[in-house]
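Dear colleague,

I am handing over the structure below, with the sequence alongside, and my notes on what was found in it follow directly after. Please read them with the coordinates open.

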Amino acid sequence: MGLRIYNSLSRELEEFTPLKDGHVSIYSCGPTVYDYIHIGNARTALVTDIIRRYFEYRGYNVKLVQNITDVDDKIIARANANGISPSQLAHANSQAYFDDTQRLGIQPADVHPRATEHIPEMIELIQTLIQKDAAYVVDGSVYYRVNAFKEYGKLSRRKPEDLLAGARVEVDERKEDPRDFDLWKAAKPGEPYWKSPWGNGRPGWHIECSSMAMKHLGETIDIHIGGEDLLFPHHENEIAQSELATGCTFARYWVHIAFLKIDGSRMGKSEKNFIFLRDALDKHPAEVIRHFLISAHYRHPLDYASDSLHTSESAIKRLTNCLQALKKIAETADSTQNQKSSDEDKCLMAAIQTMQTRFAEAMDTDFNTAQAMGTIFSLITQVNKSLMDPTEVSIKTLKKAYNVIRETSQILGIYSMDEKNVEDTFTYLKPLLELLLEIRQDARNKKDWDTSDRIRDRLKQINIEIQDSHDGSTWKLL
Ligand SMILES: [Zn+2]
């Protein structure tokens with residue numbers, strides 16, 4: 001069975017077939033840069049990153065485009081409040097966005113188009129919509145005529161009457177229909193503007209994404225990703241604009257990522273209920289935050305509680321310790337020895353194979369990262385059991401375990417062999433070894449040479465050497 005994605009458009013799990021063999025085009029709605037991102041925003045960016053890594057792991061050539069909305073009401077309001085220009089604020093916050101996401105281990109997209117650098121493309125798309133009678137001009141502003149697109153509502157499955165009745169639609173006398181939305185906003189005093197055939201103004205938010213997605217990925221893209229709050233009206237409007245202009249399907253698979261909650265309610269800036277990603281990164285390693293953010297499937301809400309990151313911290317320590325122990329053995333052991341095929345060895349090899357199958361099944365079923373991580377940690381339990389007596393398993397099997405755990409953890413980005421992790425393990429190992437040395441010293445004081453030698457020999461098997469001197473005993477990693 002191949003890779004299946006839950007498509008928000010059909011509301012079904014669908015087999016993924018790319019438009020072009022071996023290639024995947026992905027558009028992900030990026031940040032509106034009026035502030036730093038919080039860890040709820042980071043969930044969308046991280047899931048996008050993992051989807052991309054998994055496609056690459058499966059051998060696809062991926063092109064990922066993620067826009068930067070750098071002109072918007074919120075940017076203008078915040079810049080005015082801070083006494084700087086909207087472009088200064090947008091520039092500083094987009095740099096902060098790249099810094100923060102990079103610290104979280106998110107690889108940059110292939111293209112990060114900025115709205116302000118695509119004004120001519122937006123004007124052109126609006127002109128096409130006007131020519132097709134799907135847009136109209138009033139006092140220098142241009143509106144999309146929702147009635148012109150018969151399939152309007154197909155993504156959100158909202159009927160016109162639902163859209164009108166319950167919706168909090170702003171009363172605007174200039175619109176033919178309250179559902180119509182801005183494509184171009186006539187300039188207001190003191191706001192940034194660009195020249196257009198309809199006078200000075202700036203683009204509406206929805207047209208930005210349609211223009212940039214089509215410019216960089218073509219009229220039809222494979223996968224469109226965004227937070228669940230963008231499904232309506234943003235994505236519904238993107239479909240309406242793009243499909244009416246081109247006559248083609250805009251995005252073949254729609255992926256929506258659920259909110260991160262904090263103590264049961266939505267994490268959001270408007271709710272004043274959030275933690276900036278940079279603050280979380282100052283307190284916890286990136287792998288720990290990544291582990292937490294993907295510990296639930298992306299379509300399920302995830303609740304942030306004060307102890308959430310402690311659980312992830314222990315899990316990452318377990319993973320790092322296991323990989324480092326395996327690495328040490330693989331690097332130092334003589335692989336010509338210990339080739340016998342014991343039951344323990346066969347058992348570990350079978351566990352590795354089961355894990356590989358289950359990891360792929362989990363990721364192939366709509367990128368189920370929670371289940372995929374579960375398979376890694378089950379294998380770690382098995383490996384740790386084997387490491388209690390490493391003479392019973394072959395070096396070949398241990399190396400295989402190392403490679404499989406490392407590769408799958410790297411797809412999820414929860415492991416990177418860097419100095420920080422080595423240091424973490426070292427801090428973890430140190431008190432444990434001190435305790436063992438204390439117990440050994442007690443045994444030596446009682447002339448219990450058997451226990452003393454057993455501790456020394458068993459540590460030697462896992463490449464830790466004890467040296468005795470007049471001043472006491474010390475240990476070192478071999
Ligand atoms: Zn968008």
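Asp133 counts as exposed, because it has 10 C-beta neighbours inside 10 Å and a residue is classed as exposed at 12 or fewer. Please bear in mind throughout that this is a predicted model. Asp133 lies in the loop between α4 (119-131) and β5, and its phi is positive, at about 65°, although it is not a glycine. As background, most residues other than glycine have a negative phi, and most peptide bonds are trans.

Phe367 also departs from that pattern, with a positive phi of about 50° although it is not a glycine. Phe367 is found in the loop between α11 (343-364) and α12 (369-387). Is Phe367 buried or exposed? Phe367 is buried, because 24 other C-beta atoms lie within 10 Å and the class begins at 20.

For the peptide bonds, the entry to note is the one from Phe232 to Pro233, which is cis, with omega near 0°. Pro233 is found in helix α7, which covers residues 231-246.

Further along from Asp133, Asp139 lies in the loop between β5 (135-138) and β6 (141-144). With 8 C-beta neighbours inside 10 Å, Asp139 counts as exposed. Not counting residues up to four places away in sequence, Asp139 touches Arg174 and Ala186. The C-alpha atoms of Asp139 and Trp198 are 8.2 Å apart in space, while the two residues are 59 residues apart in sequence.

Turning to the sheet, four strands form an open arrangement in the order β4-β3-β9-β10, and the pairing is parallel. The edges are taken by β4 (61-66) and β10 (251-257), each of which has a single partner strand, so one side of each is left without a neighbour in the sheet. From one strand to the next, the twist averages 20°. Within this sheet, strand β9 (residues 221-227) and β10 pair in the parallel sense over six bridges, and Gly226 stands opposite His256 in β10.

Two helices lie across strands of this sheet. Helix α1 (residues 39-57) lies across β3 (23-28), β4, β9 and β10, and runs at about 165° to β4. Helix α6 (residues 205-217) lies across β3, β4 and β9, and its angle to β4 is about 155°.

There is also an antiparallel pair, in which four bridges join strand β1 (residues 4-7) to strand β2 (residues 12-15). Tyr6 has Leu13 in β2 as its bridge partner. The two strands, β1 and β2, form a hairpin with four residues between them, and Arg11 in the turn has a positive phi of about 60°.

On the chain as a whole, the domain assignment gives domain 1 (12-257), domain 2 (314-419) and domain 3 (434-477). Taken over C-alpha atoms, the centres of domain 2 and domain 3 are separated by 29 Å.

If you look at the backbone angles yourself, the places to open are Asp133, Phe367 and Arg11 for positive phi, together with the cis bond from Phe232 to Pro233.

With best wishes

Key: Residues are numbered from 1 along each chain as its sequence is written. This is a predicted model: local features need pLDDT of at least 70, side-chain atom pairs count only at pLDDT 80 or more; totals for chains, interfaces and linings use all residues. Two residues are in contact if their C-beta atoms, placed from the backbone, lie within 7 Å. Two strands pair if DSSP finds at least two bridges between them. Axes are lines fitted to C-alpha atoms, for helices over the stretch in contact, and angles run from 0 to 180 degrees between N-to-C directions. Domain bounds come from an automatic or database domain assignment.
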